[in-house]
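The report below considers one protein chain through its side-chain pairings, its burial pattern and its backbone geometry. The sequence and the structure come first, and the discussion follows.

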Amino acid sequence: YWQDKTYKSPDNKILKLSADTKIINITCLDISKERVEKTFKKIFGYGSFMDPYTFKGKAVQKANKNAVKDSQIVSCPISEKKHGYIYQRLLSNEIRPSIFEEYRALILDKRISFCHFNLIIGDNQFDDHNQLSFCGDYHDFFSQEEITKINLFCEEFKIDYGELDIIRDSDDEKIYIIDIATTPARNPSEMSRYDDTEKILKIHAKKIQKYFFLLTENQRNKTI
């Protein structure tokens with residue numbers, strides 16, 4: 001169910017079709033940051049949201065809706081919340097001066113399937129136009145316990161296919177899932193090249209092919 005919206009509302013035709021046809025992401029209809037945080041905290045036992053009226057220090061103000069891309073750092077406590085925005089502890093992911101690291105994990109069938117990490121270059125850590133992206137085996141980035149919890153998160157969130165934005169905080173060494181997209185559109189040509197890139201992309205392509213086109217013989221042509 002490909003709809004680039006934070007809150008999705010499938011029509012009656014789609015809902016009727018889903019009764020006997022596998023429709024990907026038909027049960028993942030809310031990808032707001034509030035829901036991401038609520039689900040993350042339930043599975044991992046901790047979270048990144050804070051009360052901007054009482055918290056003292058730097059925080060991130062960002063839209064609750066998806067893909068707004070207007071995150072900014074604010075100093076707390078603040079006098080008034082901005083309507084439609086959430087407030088998150090500023091996670092420490094600056095690995096070198098003006099170089100910020102984050103992960104993007106691709107999900108297939110409610111399981112992490114593939115991962116690449118991004119190095120954002122410059123003073124604005126929220127500007128992803130100036131970045132280097134590298135793909136790799138997700139076992140290289142996350143512990144087995146973290147992988148298990150990521151998969152549990154996906155089951156709870158009911159995401160069949162999509163991407164997770166993940167940051168590892170250097171202060172507590174914990175990972176935080178901070179955003180979700182159910183309409184991923186990453187072009188492999190955007191990734192920086194190194195020896196294993198082509199091999200990893202081919203393996204991942206086969207996984208996608210198996211998931212989307214080899215579900216079952218009688219449902220393959222009905223999958224949306």
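In this predicted model, Tyr-211 is found in helix α4, which spans residues 197-213. With a relative accessible area of 8%, Tyr-211 is buried. Leaving aside residues up to four places away in sequence, Tyr-211 touches Lys-22, Ile-24, Leu-108, Asp-109, Asp-160 and Tyr-161. Of these contacts, Asp-160 is one that lies 51 residues from Tyr-211 in sequence, with a C-alpha to C-alpha separation of 10.0 Å.

**Salt bridges**

Asp-160 leads on to the charged pairs. Side chains of opposite charge can pair when their charged atoms come close. Under a cut-off of 4 Å between a side-chain nitrogen of Lys or Arg and a carboxyl oxygen of Asp or Glu, the count comes to eleven salt bridges. Three of them are set out here.

| Pair | Closest N to O distance |
|---|---|
| Asp-160 and Lys-110 | 2.5 Å |
| Glu-146 and Arg-168 | 2.9 Å |
| Lys-149 and Glu-145 | 3.5 Å |

Asp-160 forms a salt bridge with Lys-110, and this pair links distant parts of the chain: Asp-160 sits in the loop between α3 (144-157) and β8 (161-168), whereas Lys-110 sits in the loop between β5 (99-108) and β6 (111-121), 50 residues apart. The two partners fall into separate accessibility classes, since Asp-160 is buried at a relative accessible area of 2%, while Lys-110 is partly exposed at 21%. The pairing also extends beyond these two residues, as Lys-22, Lys-110 and Asp-160 are linked in a network of salt bridges. Both Lys-22 and Asp-160 are also among the residues that Tyr-211 touches.

Glu-146 forms a salt bridge with Arg-168, and here again the pair links distant parts of the chain, with Glu-146 in helix α3 and Arg-168 in strand β8, 22 residues apart. Glu-146 is buried, its relative accessible area being 13%.

The salt bridge between the side chains of Lys-149 and Glu-145 is placed within a single helix, because the two residues are four apart in α3 and are therefore separated by about one helical turn. Lys-149 is partly exposed, with a relative accessible area of 23%, and Glu-145 counts as exposed at 55%.

**Helix α3 and its two sides**

Helix α3 has 14 residues and reaches 20 Å from its first C-alpha to its last, close to the 20 Å expected at 1.5 Å a residue. Which residues of α3 are buried? They are Glu-146, Ile-147, Ile-150, Asn-151, Phe-153, Cys-154 and Phe-157. These residues cover an arc of only 155° around the axis, so they lie on the same side of α3. On the other side of α3, Gln-144 and Glu-145 are exposed. The elements that cover the buried residues include α2 (33-44), β5, β6, β8 and β9. Strand β8, one of these covering elements, also holds Arg-168, the partner of Glu-146.

**Cysteines**

A disulfide is a covalent bond between the sulfur atoms of two cysteines. How many disulfides does a search of the whole structure find? The search finds zero. Cys-115 is in no disulfide, as the nearest cysteine sulfur, that of Cys-135, is 9.8 Å away, whereas the criterion asks for a pair of sulfur atoms within 2.5 Å. Cys-115 is buried, with a relative accessible area of 0%, and Cys-76 is likewise buried, at 9%.

**Backbone geometry**

Most residues other than glycine have a negative phi, and most peptide bonds are trans. Against that background, several places in the chain deserve a careful look. The peptide bond from Cys-76 to Pro-77 is cis, with omega near 5°, and Pro-77 is found in the loop between β2 (72-76) and β3 (85-89).

Ser-98, although it is not a glycine, has a positive phi of about 65°; Ser-98 lies in the loop between β4 (94-96) and β5 and counts as partly exposed at 24% relative accessibility. Glu-173 is also not a glycine and has a positive phi of about 65°, its place being in the loop between β8 and β9 (175-181). A further positive phi, near 65°, belongs to Lys-158, the residue that follows α3.

How values were computed:
Residues numbered from 1 in each chain as written. Predicted model: local features only at pLDDT ≥ 70, side-chain atom pairs only at ≥ 80, totals over all residues. Heavy atoms only, no water. Buried < 20%, exposed > 50% of the residue type's maximum accessible area, 1.4 Å probe, protein only. Contact = heavy atoms within 4.5 Å. Expected span 1.5 Å × (residues − 1). Arc of directions from axis to C-beta.
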